[in-house]
Amino acid sequence: MAEENDSSQEKTEEPTTRKLEKAKEDGQIPRSRDLTTTFILLAGTLGFLIFGSYMGQKMIAIVRYNFILEREVIFDTTTMLQHFSISLYHGVLSILPLFGLLFVASIVGPIALGGWMLSAKAMAPKASRLNPISGLKRMFSLKALVELGKSLGKVLVILGAAIVVLMVQQQDMYRLSDQETDVAVIHSLYLGIVGAIALAAVTVLIAIIDVPFQIWDNKKKLRMTRQEVKDEMKNTEGKPEVKSRIRQLQREIAQRQMMAKVPEADVVITNPTHYAVALKYDPDTMETPILLAKGGDHMAMKIREIAREHNIERVESPVLARAIYHTTEVDQPIPSALYMAVAQVLAYVFQLRNFRRGRGDKPNYPRNLNVPRDMQFDP
């Protein structure tokens with residue numbers, strides 16, 4: 001038994017939808033720092049490649065503007081302050097496209113895995129984070145060692161890629177000394193950008209490995225025991241006794257609503273004791289008679305009492321009462337197979353009303369009603 005209890009507590013079950021939603025509310029979603037780093041590095045290197053010429057021209061213009069000065073301007077503090085303001089403005093303007101691209105990458109990178117998430121619980125301060133003992137435990141935990149190993153592996157991979165890039169560009173770097181200064185500067189910048197793009201591409205490979213791992217690791221942390229799944233199902237769908245009570249209340253409400261319609265009936269057909277059904281038929285608005293209420297035993301007695309209180313005609317026909325009770329739902333028309341039998345009952349009721357008002361003769365009580373054999377139910 002102890003072994004069974006221990007095994008039942010192992011988190012072997014996949015997280016439920018509610019568990020995933022709660023984890024997202026708490027800020028526990030998969031995130032990959034390597035993916036964010038990759039986005040930023042690629043954006044930065046591509047930004048230099050795209051906007052490098054524009055930035056270089058701006059910087060050269062700023063240098064020329066500040067170094068080509070007349071003698072009297074140098075001793076004029078007002079003019080020098082103006083030079084500084086203009087230079088600062090153009091300097092910010094030169095790096096704005098690159099910074100804008102990096103800003104977009106810093107937002108897209110984190111939300112590329114796990115989506116957009118703003119959780120107050122995740123941002124709330126926690127005392128456990130300030131506890132030095134807990135911090136030491138985290139530093140020397142197995143997870144910390146795994147993260148350290150991953151970091152060392154990344155450094156070695158990037159270092160190896162950098163060595164390969166330097167070896168590929170070795171001859172080009174040697175030729176820089178034989179080129180003119182302007183050409184050499186441009187060539188060296190080009191080599192630097194190409195090398196940066198190559199190293200950024202290596203981080204793409206690291207991210208491709210890290211993203212599935214982070215998704216798997218997050219799901220592993222959210223796994224549940226069988227008991228947790230059962231408890232959550234109870235909390236989500238409700239405990240059996242609560243659900244039973246809700247169904248009971250729903251039945252009581254439906255029965256009260258059904259009983260409220262009995263006074264609108266034209267006739268109540270009885271068993272005479274075990275079943276009772278209340279029918280309504282308006283030739284002007286209805287194509288077929290409608291079942292307003294039905295019940296057995298105690299409910300049948302209540303229907304008969306309400307019918308008696310409101311002077312609704314009651315007709316005893318056990319076969320027809322059972323047939324309507326078993327084949328027709330409340331607020332639904334009666335089956336076509338019972339049209340003839342119900343028509344006989346309604347004709348009797350309408351003729352009886354006219355007789356009581358002094359119109360016509362007293363009708364005969366319907367006895368041999370035409371109920372099909374396949375719709376006759378044994379009591």
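**Reading a sheet and its helices**

Student: I can see some helix in the C-terminal part. Which residues of H15 are buried?

Tutor: In H15, the buried ones are Leu320, Ala321, Arg322, Ala323 and Ile324. Keep in mind that this is a predicted model.

Student: What do the buried residues of H15 pack against?

Tutor: They pack against S1, S2, S3 and H16. Looking at the whole helix, H15 covers residues 318–327 and lies across S1, S2, S3 and S4, at about 75° to S2. Helix H16, residues 339–356, lies across S1, S2 and S4, and it runs at about 140° to S4.

Student: OK, then the sheet itself. How do I read that?

Tutor: The general idea comes first: strands of a sheet pair through backbone hydrogen bonds, and the pairing is either parallel or antiparallel. Here, four strands make an open sheet with the order S3-S2-S1-S4, and the pairing is mixed. On the edges sit S3 (290–296) and S4 (313–316), each of which pairs on one side only. On average, neighbouring strands of this sheet are turned by 20° against each other, ignoring direction.

Student: Do S1 and S2 run parallel or antiparallel, and how many bridges join them?

Tutor: Antiparallel, with four bridges between S1 (residues 267–270) and S2 (residues 275–280). For a pair you can click on, take Val268, whose bridge partner in S2 is Ala278.

Student: And on the other side of S2, how many bridges link S2 and S3?

Tutor: Six, again in the antiparallel sense. Try Lys280 here: its bridge partner in S3 is Ile290.

Student: Is edge strand S3 mostly covered or mostly open?

Tutor: Mostly covered: six of the seven residues in S3 are buried.

Student: Now a helix pair. How do I describe H3 against H11?

Tutor: Generally, two packed helices are described by the angle between their axes and the distance between the axes. In this model, H3 (residues 33–67) and H11 (residues 181–222) pack at about 160°, with the axes 8 Å apart. An angle over 145 degrees counts as roughly antiparallel, so that is what H3 is to H11. Their crossing is left-handed.

Student: Which residues meet there?

Tutor: From H3, they include Leu35, Leu41, Leu42, Phe48 and Leu49; from H11, Ile193, Ile197, Val204 and Ile206 are among them. Arg33 and Asp34 of H3 take part as well, and so does Asp210 of H11.

Student: How many residues of each class does that contact have?

Tutor: The contact of H3 with H11 has 14 nonpolar, three polar and three charged residues.

Notes
Residues numbered from 1 in each chain as written. Predicted model: local features only at pLDDT ≥ 70, side-chain atom pairs only at ≥ 80, totals over all residues. Heavy atoms only, no water. Pairing = 2+ DSSP bridges. Helix = DSSP H or I, 4+ residues; strand = E, 2+ residues; numbered from the N terminus. Axes fitted to C-alpha atoms, helices over the stretch in contact; angles between N-to-C directions. Contact = heavy atoms within 4.5 Å. Parallel < 35°, antiparallel > 145°, perpendicular 65-115°, else oblique. Left-handed = near helix turned anticlockwise from the far one by under 90°. Nonpolar A, V, L, I, M, F, W, Y, C, P; charged D, E, K, R; others polar. Buried < 20%, exposed > 50% of the residue type's maximum accessible area, 1.4 Å probe, protein only.
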